[in-house]
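Thank you for asking me to look over this model. My comments are set out as numbered points, to be read alongside the sequence and the coordinates.

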Amino acid sequence: MPTLEFNGKHHIYTHHLTVPYRPLETDKSLSCNPTSENDNLIIHGDNLHALKALLPRYANRIKCIYIDPPYNTGKEDWEYNDNVKSPLMQTWFKENSPIDNEDLERHDKWLCMMWPRLHLLKELLAEDGTIFISIDDNEMHRLRMLMDEIFSADNFITQFIWNKKNVVQNDAKFASVNHEYIICYRKSDAFQKFNLLPRSEKANQRYKNPDNDPRGPWQSVALQAKSGTQENVYTVTFPNGVTWSPPSGTFPKFPKESLLSLYREGYLYFGKKGKNVPRLKKYLSDVMQGMVSNSILTTDEVGSTQTATETVKSIMGGNIFNSPKAVGLIQRFLLIATGPDDIILDSFAGSGTTAHAVLASNKEDGGNRKFILIECEDYADTITAERVRRVINGVPEVSDDSLREGLGGSFTYCTLGKPIEIEAMLTGKELPSYAALATNLLFTTAGVSIEEDTLDQKNDDGLFHSDNENDYYLIYKPDLAFLRSNEAIL
Ligand SMILES: C[S@@+](CC[C@H](N)C(=O)[O-])C[C@H]1O[C@@H](n2cnc3c(N)ncnc32)[C@H](O)[C@@H]1O
């Protein structure tokens, strides 16, 4: 299989394995109605570290990932500064940050940034999970190559096109680019099918009942297909005197006998006067279970960049974020790729549209989907989390009824703790307190959040916390002699 070579690839090839582990630390004051177990999460920090921190608890558990990374247009405000130890890489970062149009290696840097993150995202994804990535023409082709290499070309599902605006930009140099892409991969073939979409009124209206068929509204489709074999071609004369054969270059969809029995059962339509070329009736009742998603997503169906900006503006009271995505766009992916109890991750959270979409979908179908958002900028609290707080609690000024009331829900706000330096622990240089280690392990591995100062080590067995389902033990003392002793060995 052809693969993509880029500067730095050798240095970052296994970088995801060496990223230091930094525990998640909860911040109750910035959380919203936090629950003690399995809450939604908003994490402030670089996603490279945050994804690593999520691994103990969420590896293979995320059903759907949506990410909207920097598109690398050369005009955005992003820097590549992952702490890759290689001296060559260190020099490269220092010399060439920040990344703009003049940086001839901006594509290499973008690929170096994406590579370890995509690896960690893949580890978090469930076997039957899917990942959706928004991108435009700047990196589309390179991202496809990267994804083929990391996720495998066999797991490519589709490339959606979002028709994000309708107004044609007349000052565009060549063409007014009114679309961008969302590529979708699955983790493995354990994922087989998207959910069907509920049928829209517009789609149902295509079904009519001009002949008062008791089987209900129908629409007609041709009896011939473009592919087939010549020996299956025939001419048939129906009992009503109409003769039919497939137009030249096409082939019958049914053998002659089957077609005649469809005639007898009243499934063929010959026009108002009964003498036209026959067509097959397809009944609305047979397709009621739903519609397959189109790969072209229109502004009417899922919203536009303009509606997305207006949504954020109405919630936050001003134009505080450039190019948010439309809530409807992300809800479309949730609809086709998740069930009511699934976990959804967005590691480039921006204005928090994914959390908004998750809460809106839960409100609509009574689901209990959970979200995890990661945002590295300081606005993780003031924009990302603040939008979600407002969406949860209600926005009095908006016209949308459910948003005015509030979509309900909660989240726990987290930051990243200091890297746990295994070496420092092994030499005894830096040993966390019992309470710090116990609360961290409990949260990162079981998703149970308790206050450090309420933790009491109940007995000598190391039992430190019990809930309805489990007892949690930690045998540990921040003392190197103890850790080396037989006492510390189970
Ligand atoms: C294009 S925006 C996402 C917009 C989002 N989809 C929305 O609808 O608001 C990309 C976001 O990813 C964040 N980001 C970029 N690099 C990141 C990193 N390494 N870790 C976490 N967040 C990052 C940026 O700060 C920015 O807010």
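The points below take up a helix, a helix pair, the ligand shell and one exposed residue in turn.

1. Please keep in mind throughout that this is a predicted model, and that side-chain atom pairs are counted only at pLDDT 80 or more.

2. Helix H12, which covers residues 327-337, is largely enclosed by the rest of the structure, because ten of its eleven residues are buried. Charged and polar side chains are included here, since Arg332 and Gln331 are among the buried residues, together with others such as Val327, Phe333 and Ala337.

3. Helix H5 (residues 106-124) packs against helix H6 (residues 140-152) at an angle of about 35 degrees, the two axes being 10 Å apart, and the crossing is right-handed. On the H5 side the contact is made by His107, Leu111, Met114, Trp115, Leu118, His119 and Lys122, which meet Arg142, Leu146, Ile150 and Phe151 of H6. By class, the residues of this contact comprise seven nonpolar, two polar and two charged.

4. Around the ligand there are 16 residues, of which Phe348, Gly350, Ser351, Thr353 and Cys376 come nearest. The shell as a whole is mixed in character, with seven nonpolar, four polar and five charged residues.

5. Thr427 belongs to helix H16, which spans residues 422-427. Thr427 counts as exposed because 11 other C-beta atoms lie within 10 Å, and the cut-off for that class is 12 or fewer. Between Thr427 and Val242 there are 92 Å in space, C-alpha to C-alpha, and the two are 185 residues apart in sequence.

Note on methods: Residues are numbered from 1 along each chain as its sequence is written. This is a predicted model: local features need pLDDT of at least 70, side-chain atom pairs count only at pLDDT 80 or more; totals for chains, interfaces and linings use all residues. A residue is buried if 20 or more other C-beta atoms lie within 10 Å of its own, exposed if 12 or fewer, and partly exposed in between; C-beta atoms are placed from the backbone. Helices (H or I, at least four residues) and strands (E, at least two) are DSSP runs, numbered from the N terminus. A residue is near a molecule or strand if its C-beta atom, placed from the backbone, lies within 6 Å of it. Axes are lines fitted to C-alpha atoms, for helices over the stretch in contact, and angles run from 0 to 180 degrees between N-to-C directions. A crossing is left-handed if the near helix is turned anticlockwise from the far one by less than a right angle, and right-handed if clockwise. Two residues are in contact if their C-beta atoms, placed from the backbone, lie within 7 Å.
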